[in-house]
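Reader: I would like to go through some of the labels attached to this model and ask what each one rests on.
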Amino acid sequence: MFFSNQAFAQKKAVFIILDGIPADVLEKTPTPNLDKIAKVGGYTRAYTGGEVGGYSETPTISAVGYNSLLTGTWANKHNVWGNDIKAPNYSYWSIFRFLRKSSPSAKLGIYSTWEDNRTKLIGEGLAETGFFKMDFSFDGFEVDTLTYPHDSDKKYIQKIDNLVSYEAAYQLKTIAPDLSWVYLEYTDDMGHRFGDSPELAEAVALADEQVGRIYESIRYREEKFGEEWLILITTDHGRKAEDGKDHGGQSDREREIWMVTNAKELNPYFENFIPAMVDILPTIARFLEIDLPENALKEIDGVSLIGDISLVNANTEIENEQIKLTWVPIQKSGKVTISYASTDNFGETGNVDNYSKIAEIDLSAAEFRFPIAELPPGKLKFWIQGERNGIGVWLIR
Ligand SMILES: [Zn+2]
(Lines give C-alpha, C1' and ligand atoms only; values in the text may rest on other atoms or scores of the structure.)
Protein backbone atom coordinates (compact mmCIF):
# COMPACT_ATOMS: atom_id res chain seq x y z
CA MET A 1 0.00 0.00 0.00
CA PHE A 2 1.48 3.30 -1.07
CA PHE A 3 -0.50 5.73 1.06
CA SER A 4 -1.19 4.43 4.52
CA ASN A 5 -3.75 6.13 6.70
CA GLN A 6 -1.03 6.54 9.30
CA ALA A 7 1.14 8.71 7.08
CA PHE A 8 -1.56 11.36 7.02
CA ALA A 9 -2.89 10.88 10.53
CA GLN A 10 -3.77 14.19 12.08
CA LYS A 11 -1.95 14.65 15.38
CA LYS A 12 -3.71 15.97 18.46
CA ALA A 13 -2.69 16.20 22.10
CA VAL A 14 -4.24 16.57 25.54
CA PHE A 15 -2.51 16.98 28.89
CA ILE A 16 -4.24 16.46 32.21
CA ILE A 17 -3.12 17.69 35.62
CA LEU A 18 -4.55 15.79 38.60
CA ASP A 19 -3.68 18.01 41.54
CA GLY A 20 -1.32 16.97 44.33
CA ILE A 21 -1.09 13.17 44.10
CA PRO A 22 2.20 11.77 45.46
CA ALA A 23 3.73 9.06 43.26
CA ASP A 24 3.67 6.50 46.10
CA VAL A 25 -0.05 7.13 46.67
CA LEU A 26 -0.80 6.75 42.96
CA GLU A 27 1.15 3.50 42.80
CA LYS A 28 -0.69 2.03 45.81
CA THR A 29 -4.16 3.01 44.59
CA PRO A 30 -5.94 0.92 41.94
CA THR A 31 -6.15 3.10 38.80
CA PRO A 32 -7.32 0.84 35.96
CA ASN A 33 -7.64 3.66 33.45
CA LEU A 34 -4.20 5.15 34.05
CA ASP A 35 -2.81 1.60 33.92
CA LYS A 36 -4.48 1.03 30.56
CA ILE A 37 -2.88 4.20 29.15
CA ALA A 38 0.55 3.42 30.65
CA LYS A 39 0.42 0.01 29.04
CA VAL A 40 0.19 1.63 25.61
CA GLY A 41 2.98 4.12 26.41
CA GLY A 42 4.59 4.31 29.81
CA TYR A 43 4.65 5.39 33.44
CA THR A 44 7.51 7.14 35.20
CA ARG A 45 8.22 8.95 38.42
CA ALA A 46 9.41 12.49 37.69
CA TYR A 47 10.22 15.70 39.54
CA THR A 48 9.20 19.30 39.84
CA GLY A 49 10.77 22.18 41.77
CA GLY A 50 13.83 22.96 39.63
CA GLU A 51 17.29 22.38 41.04
CA VAL A 52 17.41 22.24 44.84
CA GLY A 53 19.55 25.15 46.00
CA GLY A 54 20.22 26.19 42.39
CA TYR A 55 19.10 29.23 40.39
CA SER A 56 16.06 27.33 39.09
CA GLU A 57 14.74 26.19 42.51
CA THR A 58 10.96 26.47 42.26
CA PRO A 59 8.32 26.17 45.02
CA THR A 60 6.28 22.94 44.88
CA ILE A 61 3.07 24.97 44.75
CA SER A 62 0.17 24.33 42.38
CA ALA A 63 0.03 27.35 40.03
CA VAL A 64 3.83 27.48 39.99
CA GLY A 65 3.92 23.89 38.76
CA TYR A 66 1.19 24.38 36.18
CA ASN A 67 3.15 27.28 34.74
CA SER A 68 6.36 25.24 34.63
CA LEU A 69 4.43 22.74 32.53
CA LEU A 70 2.80 25.41 30.35
CA THR A 71 6.04 27.31 29.62
CA GLY A 72 8.65 24.54 29.86
CA THR A 73 10.63 26.76 32.25
CA TRP A 74 11.21 27.03 36.00
CA ALA A 75 10.03 29.90 38.18
CA ASN A 76 13.26 31.94 37.83
CA LYS A 77 12.04 32.52 34.29
CA HIS A 78 8.24 32.33 34.27
CA ASN A 79 8.07 34.28 37.54
CA VAL A 80 5.00 32.63 39.07
CA TRP A 81 5.96 31.95 42.70
CA GLY A 82 2.58 31.30 44.32
CA ASN A 83 -1.10 30.68 43.72
CA ASP A 84 -1.76 34.43 43.68
CA ILE A 85 0.04 34.57 40.29
CA LYS A 86 1.22 38.15 40.86
CA ALA A 87 3.45 38.94 37.88
CA PRO A 88 3.97 36.15 35.34
CA ASN A 89 6.69 36.90 32.81
CA TYR A 90 4.72 36.42 29.61
CA SER A 91 7.93 36.54 27.54
CA TYR A 92 7.99 32.82 28.32
CA TRP A 93 5.15 31.64 26.15
CA SER A 94 2.68 28.90 26.99
CA ILE A 95 2.55 25.80 24.78
CA PHE A 96 -0.75 27.17 23.47
CA ARG A 97 0.89 30.36 22.16
CA PHE A 98 3.67 28.37 20.52
CA LEU A 99 1.13 26.17 18.74
CA ARG A 100 -0.98 29.16 17.66
CA LYS A 101 2.08 30.89 16.22
CA SER A 102 3.33 27.73 14.50
CA SER A 103 -0.07 26.77 13.04
CA PRO A 104 -2.56 29.64 13.24
CA SER A 105 -5.58 27.47 12.42
CA ALA A 106 -4.96 25.04 15.32
CA LYS A 107 -7.87 24.77 17.76
CA LEU A 108 -7.08 25.13 21.46
CA GLY A 109 -9.17 23.96 24.44
CA ILE A 110 -9.12 24.22 28.23
CA TYR A 111 -11.40 22.31 30.62
CA SER A 112 -10.63 23.29 34.17
CA THR A 113 -11.80 23.47 37.77
CA TRP A 114 -9.75 26.67 38.26
CA GLU A 115 -10.45 29.71 36.12
CA ASP A 116 -7.09 31.40 36.83
CA ASN A 117 -5.39 28.77 34.67
CA ARG A 118 -6.89 30.44 31.63
CA THR A 119 -7.20 34.06 32.72
CA LYS A 120 -3.85 34.41 34.50
CA LEU A 121 -1.42 31.65 33.49
CA ILE A 122 -2.37 31.35 29.83
CA GLY A 123 -3.21 35.05 30.12
CA GLU A 124 -6.22 35.05 27.85
CA GLY A 125 -7.18 38.49 26.59
CA LEU A 126 -4.23 40.27 28.21
CA ALA A 127 -2.21 42.89 26.36
CA GLU A 128 0.99 41.11 27.53
CA THR A 129 -0.02 37.95 25.64
CA GLY A 130 -1.09 39.90 22.53
CA PHE A 131 -4.74 39.40 23.56
CA PHE A 132 -4.28 35.68 23.13
CA LYS A 133 -7.52 33.67 22.79
CA MET A 134 -8.35 30.03 23.40
CA ASP A 135 -10.97 28.53 21.07
CA PHE A 136 -12.87 26.46 23.63
CA SER A 137 -12.98 26.95 27.37
CA PHE A 138 -15.09 25.34 30.04
CA ASP A 139 -14.21 26.66 33.50
CA GLY A 140 -15.07 29.16 36.21
CA PHE A 141 -17.66 27.03 38.02
CA GLU A 142 -15.81 27.39 41.32
CA VAL A 143 -16.61 31.12 41.30
CA ASP A 144 -20.30 30.46 40.59
CA THR A 145 -21.34 30.04 44.22
CA LEU A 146 -25.03 30.08 43.38
CA THR A 147 -24.90 26.90 41.33
CA TYR A 148 -22.02 25.42 43.32
CA PRO A 149 -22.32 26.62 46.93
CA HIS A 150 -19.02 26.08 48.73
CA ASP A 151 -19.10 23.41 51.41
CA SER A 152 -16.24 22.59 53.78
CA ASP A 153 -16.15 18.97 52.54
CA LYS A 154 -15.31 20.35 49.08
CA LYS A 155 -18.06 18.23 47.55
CA TYR A 156 -18.63 21.16 45.18
CA ILE A 157 -15.12 20.68 43.79
CA GLN A 158 -15.79 16.98 43.32
CA LYS A 159 -18.92 17.89 41.37
CA ILE A 160 -17.12 20.47 39.25
CA ASP A 161 -14.29 18.03 38.44
CA ASN A 162 -16.89 15.55 37.29
CA LEU A 163 -18.68 18.14 35.17
CA VAL A 164 -15.39 19.31 33.66
CA SER A 165 -14.35 15.74 32.84
CA TYR A 166 -17.69 15.00 31.15
CA GLU A 167 -17.52 18.16 29.06
CA ALA A 168 -13.86 17.57 28.17
CA ALA A 169 -14.72 14.02 27.08
CA TYR A 170 -17.65 15.31 25.05
CA GLN A 171 -15.72 18.10 23.33
CA LEU A 172 -12.67 15.95 22.62
CA LYS A 173 -14.95 13.39 21.06
CA THR A 174 -16.99 15.83 18.97
CA ILE A 175 -14.84 18.95 18.37
CA ALA A 176 -11.41 17.41 19.07
CA PRO A 177 -9.25 20.51 19.64
CA ASP A 178 -5.66 20.09 18.43
CA LEU A 179 -4.34 20.77 21.94
CA SER A 180 -6.28 20.67 25.21
CA TRP A 181 -5.56 21.09 28.90
CA VAL A 182 -7.76 19.36 31.46
CA TYR A 183 -7.27 20.36 35.10
CA LEU A 184 -8.95 18.53 38.01
CA GLU A 185 -8.57 19.60 41.64
CA TYR A 186 -10.41 17.38 44.13
CA THR A 187 -7.42 15.12 44.92
CA ASP A 188 -5.51 18.13 46.30
CA ASP A 189 -8.39 19.11 48.57
CA MET A 190 -8.54 15.62 50.07
CA GLY A 191 -4.76 15.62 50.46
CA HIS A 192 -4.75 18.92 52.35
CA ARG A 193 -7.59 17.86 54.61
CA PHE A 194 -6.85 14.19 55.32
CA GLY A 195 -3.27 13.63 54.14
CA ASP A 196 -2.35 10.03 53.37
CA SER A 197 -5.77 8.53 53.88
CA PRO A 198 -8.61 6.47 52.42
CA GLU A 199 -10.22 9.80 51.44
CA LEU A 200 -7.23 10.69 49.24
CA ALA A 201 -7.19 7.20 47.72
CA GLU A 202 -10.90 7.51 46.97
CA ALA A 203 -10.31 10.86 45.27
CA VAL A 204 -7.53 9.30 43.19
CA ALA A 205 -9.90 6.52 42.12
CA LEU A 206 -12.47 9.14 41.07
CA ALA A 207 -9.85 11.05 39.10
CA ASP A 208 -8.90 7.81 37.38
CA GLU A 209 -12.51 7.37 36.26
CA GLN A 210 -12.56 10.94 34.95
CA VAL A 211 -9.37 10.32 32.98
CA GLY A 212 -10.89 7.09 31.64
CA ARG A 213 -13.82 9.07 30.27
CA ILE A 214 -11.45 11.37 28.37
CA TYR A 215 -9.30 8.50 27.15
CA GLU A 216 -12.39 6.81 25.72
CA SER A 217 -13.02 9.90 23.58
CA ILE A 218 -9.46 9.75 22.29
CA ARG A 219 -9.77 6.07 21.44
CA TYR A 220 -13.01 6.89 19.61
CA ARG A 221 -11.29 9.61 17.56
CA GLU A 222 -8.37 7.33 16.76
CA GLU A 223 -10.61 4.54 15.57
CA LYS A 224 -13.26 6.58 13.82
CA PHE A 225 -11.13 9.35 12.28
CA GLY A 226 -7.67 7.77 12.13
CA GLU A 227 -6.23 10.61 14.22
CA GLU A 228 -3.08 10.08 16.26
CA TRP A 229 -3.41 11.31 19.85
CA LEU A 230 -0.92 12.03 22.60
CA ILE A 231 -2.34 11.96 26.11
CA LEU A 232 -0.12 12.88 29.04
CA ILE A 233 -1.33 12.85 32.63
CA THR A 234 0.70 14.25 35.51
CA THR A 235 0.43 15.92 38.90
CA ASP A 236 1.80 19.29 40.00
CA HIS A 237 3.59 18.32 43.24
CA GLY A 238 3.84 15.64 45.90
CA ARG A 239 3.13 16.19 49.60
CA LYS A 240 5.07 16.33 52.89
CA ALA A 241 6.51 13.00 54.03
CA GLU A 242 5.11 13.06 57.59
CA ASP A 243 1.38 13.08 56.91
CA GLY A 244 0.84 13.82 53.23
CA LYS A 245 -1.02 17.07 53.92
CA ASP A 246 0.99 20.12 52.90
CA HIS A 247 3.45 20.94 50.15
CA GLY A 248 5.49 23.85 48.81
CA GLY A 249 8.98 22.92 50.05
CA GLN A 250 11.89 21.05 48.54
CA SER A 251 11.70 17.67 50.30
CA ASP A 252 11.95 14.57 48.10
CA ARG A 253 8.29 13.67 48.52
CA GLU A 254 7.08 17.19 47.76
CA ARG A 255 9.28 17.36 44.63
CA GLU A 256 8.35 13.94 43.34
CA ILE A 257 5.66 13.76 40.65
CA TRP A 258 4.80 11.18 37.97
CA MET A 259 3.72 10.93 34.37
CA VAL A 260 1.45 8.54 32.50
CA THR A 261 1.28 8.65 28.72
CA ASN A 262 0.18 6.67 25.70
CA ALA A 263 3.23 7.96 23.74
CA LYS A 264 4.75 5.19 21.67
CA GLU A 265 8.12 6.76 20.86
CA LEU A 266 9.31 7.20 24.44
CA ASN A 267 13.08 7.68 24.45
CA PRO A 268 15.85 6.59 26.87
CA TYR A 269 15.42 9.85 28.81
CA PHE A 270 11.87 8.81 29.76
CA GLU A 271 12.81 5.16 30.27
CA ASN A 272 16.11 5.46 32.20
CA PHE A 273 16.20 8.90 33.84
CA ILE A 274 13.96 10.94 36.11
CA PRO A 275 12.24 13.46 33.83
CA ALA A 276 10.95 16.85 34.95
CA MET A 277 7.72 18.83 34.70
CA VAL A 278 9.42 21.13 32.17
CA ASP A 279 9.97 18.21 29.77
CA ILE A 280 6.27 18.07 28.91
CA LEU A 281 6.30 21.19 26.70
CA PRO A 282 9.13 19.99 24.43
CA THR A 283 7.44 16.56 24.27
CA ILE A 284 4.13 17.99 23.08
CA ALA A 285 5.99 20.37 20.77
CA ARG A 286 7.82 17.47 19.17
CA PHE A 287 4.66 15.37 18.85
CA LEU A 288 2.62 18.17 17.28
CA GLU A 289 5.64 19.30 15.23
CA ILE A 290 5.42 22.81 16.64
CA ASP A 291 8.03 25.10 15.19
CA LEU A 292 9.60 26.76 18.25
CA PRO A 293 11.32 30.11 17.55
CA GLU A 294 15.06 29.75 18.12
CA ASN A 295 15.36 32.32 20.89
CA ALA A 296 12.45 30.83 22.82
CA LEU A 297 13.82 27.32 22.29
CA LYS A 298 17.09 28.32 23.97
CA GLU A 299 15.16 29.28 27.11
CA ILE A 300 13.15 26.06 27.50
CA ASP A 301 14.47 24.07 30.46
CA GLY A 302 13.14 20.68 29.38
CA VAL A 303 13.96 17.95 26.88
CA SER A 304 11.53 15.90 24.77
CA LEU A 305 10.54 12.53 26.19
CA ILE A 306 9.80 11.16 22.72
CA GLY A 307 11.95 10.74 19.63
CA ASP A 308 15.72 10.93 19.20
CA ILE A 309 17.71 13.19 21.51
CA SER A 310 21.43 13.90 21.86
CA LEU A 311 21.93 14.97 25.47
CA VAL A 312 20.20 15.49 28.83
CA ASN A 313 20.89 16.86 32.33
CA ALA A 314 23.31 19.71 31.59
CA ASN A 315 24.92 21.67 34.39
CA THR A 316 27.36 24.52 35.05
CA GLU A 317 29.83 25.19 37.84
CA ILE A 318 33.07 27.03 38.42
CA GLU A 319 36.08 24.86 39.23
CA ASN A 320 39.71 26.06 39.37
CA GLU A 321 38.98 29.39 37.69
CA GLN A 322 37.26 27.56 34.87
CA ILE A 323 33.64 27.29 33.84
CA LYS A 324 32.79 23.61 33.74
CA LEU A 325 29.81 22.53 31.64
CA THR A 326 28.64 18.95 31.97
CA TRP A 327 25.95 16.88 30.26
CA VAL A 328 24.90 13.27 29.80
CA PRO A 329 25.23 12.08 26.19
CA ILE A 330 22.40 9.92 24.83
CA GLN A 331 23.60 9.52 21.23
CA LYS A 332 26.67 7.36 20.76
CA SER A 333 28.48 9.83 18.49
CA GLY A 334 28.17 13.34 17.15
CA LYS A 335 29.25 16.83 18.10
CA VAL A 336 27.98 19.58 20.35
CA THR A 337 28.34 23.28 19.70
CA ILE A 338 28.71 25.44 22.79
CA SER A 339 27.80 29.10 22.79
CA TYR A 340 26.95 31.75 25.38
CA ALA A 341 25.14 35.03 25.81
CA SER A 342 25.98 37.60 28.48
CA THR A 343 22.67 39.43 28.14
CA ASP A 344 19.17 38.40 29.21
CA ASN A 345 17.17 40.47 26.78
CA PHE A 346 14.74 37.59 26.44
CA GLY A 347 13.82 37.52 30.13
CA GLU A 348 13.81 41.30 30.46
CA THR A 349 11.94 42.30 27.33
CA GLY A 350 11.27 39.16 25.25
CA ASN A 351 13.92 40.26 22.76
CA VAL A 352 16.78 38.42 21.10
CA ASP A 353 20.06 37.54 22.82
CA ASN A 354 23.12 37.15 20.64
CA TYR A 355 25.04 33.96 21.36
CA SER A 356 28.78 33.64 20.64
CA LYS A 357 30.19 30.24 19.77
CA ILE A 358 33.15 29.13 21.91
CA ALA A 359 33.62 25.47 20.99
CA GLU A 360 32.57 22.50 18.93
CA ILE A 361 33.54 19.21 20.56
CA ASP A 362 32.53 15.56 20.73
CA LEU A 363 29.21 14.95 22.44
CA SER A 364 30.75 11.93 24.18
CA ALA A 365 33.23 14.18 26.03
CA ALA A 366 30.31 14.97 28.38
CA GLU A 367 32.07 18.08 29.68
CA PHE A 368 33.72 21.30 28.58
CA ARG A 369 36.02 23.64 30.48
CA PHE A 370 36.88 27.23 29.63
CA PRO A 371 38.83 29.92 31.54
CA ILE A 372 36.23 32.05 33.31
CA ALA A 373 38.46 35.13 33.00
CA GLU A 374 37.92 35.07 29.24
CA LEU A 375 34.13 35.45 29.60
CA PRO A 376 32.20 38.61 30.50
CA PRO A 377 31.28 39.12 34.19
CA GLY A 378 27.75 38.61 35.55
CA LYS A 379 25.09 36.13 34.52
CA LEU A 380 25.95 33.91 31.54
CA LYS A 381 23.53 31.82 29.50
CA PHE A 382 25.11 28.80 27.85
CA TRP A 383 23.60 26.81 25.00
CA ILE A 384 24.79 23.29 24.28
CA GLN A 385 23.48 22.28 20.85
CA GLY A 386 23.53 18.62 19.82
CA GLU A 387 22.21 17.16 16.58
CA ARG A 388 18.81 16.19 17.99
CA ASN A 389 18.32 18.66 20.82
CA GLY A 390 20.01 21.43 22.72
CA ILE A 391 20.01 22.46 26.39
CA GLY A 392 20.38 25.92 27.89
CA VAL A 393 22.02 26.34 31.31
CA TRP A 394 22.83 29.48 33.23
CA LEU A 395 25.79 30.44 35.34
CA ILE A 396 24.84 32.85 38.10
CA ARG A 397 27.72 34.54 39.91
ZN1 LIG B 1 -1.52 21.50 43.66
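**Labels and their grounds**

Author: This is a predicted model. Glu321 counts as exposed because 9 C-beta neighbours lie inside 10 Å, and the cut-off for exposed is 12 or fewer.

Reader: Where does Glu321 lie, and what is its phi?

Author: Glu321 sits in the loop between S8 and strand S9 (322–329). Its phi is positive, about 65°, although Glu321 is not a glycine.

Reader: Why is a positive phi worth a remark?

Author: Because most residues other than glycine have a negative phi. Asn313 is also not a glycine, and its phi is positive at about 50°. Asn313 belongs to strand S8 (residues 311–319).

Reader: Why is Asn313 called partly exposed?

Author: Asn313 has 15 C-beta neighbours inside 10 Å. Buried needs 20 or more and exposed needs 12 or fewer, so a count of 15 puts Asn313 in between, as partly exposed.

Reader: How do you know that S8 and S9 pair?

Author: There are 7 bridges between S8 and S9, in the antiparallel sense, and pairing requires at least two. Within this ladder, Glu319 is opposite Gln322 of S9.

Reader: What makes S8 an edge strand?

Author: The open sheet has 3 strands in the order S8-S9-S12, with antiparallel pairing. S8 pairs on one side only, as does strand S12 (367–371), and these two are the edge strands. From one strand to the next, the twist averages 15°.

Reader: Turning to the helices, why is H2 called oblique to H9?

Author: Helix H2 (residues 32–40) packs on helix H9 (residues 198–225) at an angle of about 45°, and their axes are 7 Å apart. Roughly parallel would need an angle under 35 degrees, and roughly perpendicular runs from 65 to 115; the angle fits neither class, so H2 is oblique to H9.

Reader: Which residues make that contact?

Author: H2 contributes Pro32, Asn33, Leu34 and Ile37, and H9 contributes Asp208, Glu209, Val211, Gly212 and Tyr215. By class, 5 are nonpolar, 2 polar and 2 charged.

Reader: What domains is the protein divided into, and how many residues are in contact between them?

Author: The division is into domain 1 (10–297) and domain 2 (311–395). In domain 1, 8 residues are in contact with 8 residues of domain 2. The side of domain 1 that touches domain 2 has 4 nonpolar, 3 polar and 1 charged. Taken over C-alpha atoms, the centres of domain 1 and domain 2 are separated by 30 Å.

Methods. Residues numbered from 1 in each chain as written. Predicted model: local features only at pLDDT ≥ 70, side-chain atom pairs only at ≥ 80, totals over all residues. Domains from an automatic or database assignment. Contact = placed C-beta atoms within 7 Å. Nonpolar A, V, L, I, M, F, W, Y, C, P; charged D, E, K, R; others polar. Helix = DSSP H or I, 4+ residues; strand = E, 2+ residues; numbered from the N terminus. Axes fitted to C-alpha atoms, helices over the stretch in contact; angles between N-to-C directions. Parallel < 35°, antiparallel > 145°, perpendicular 65-115°, else oblique.
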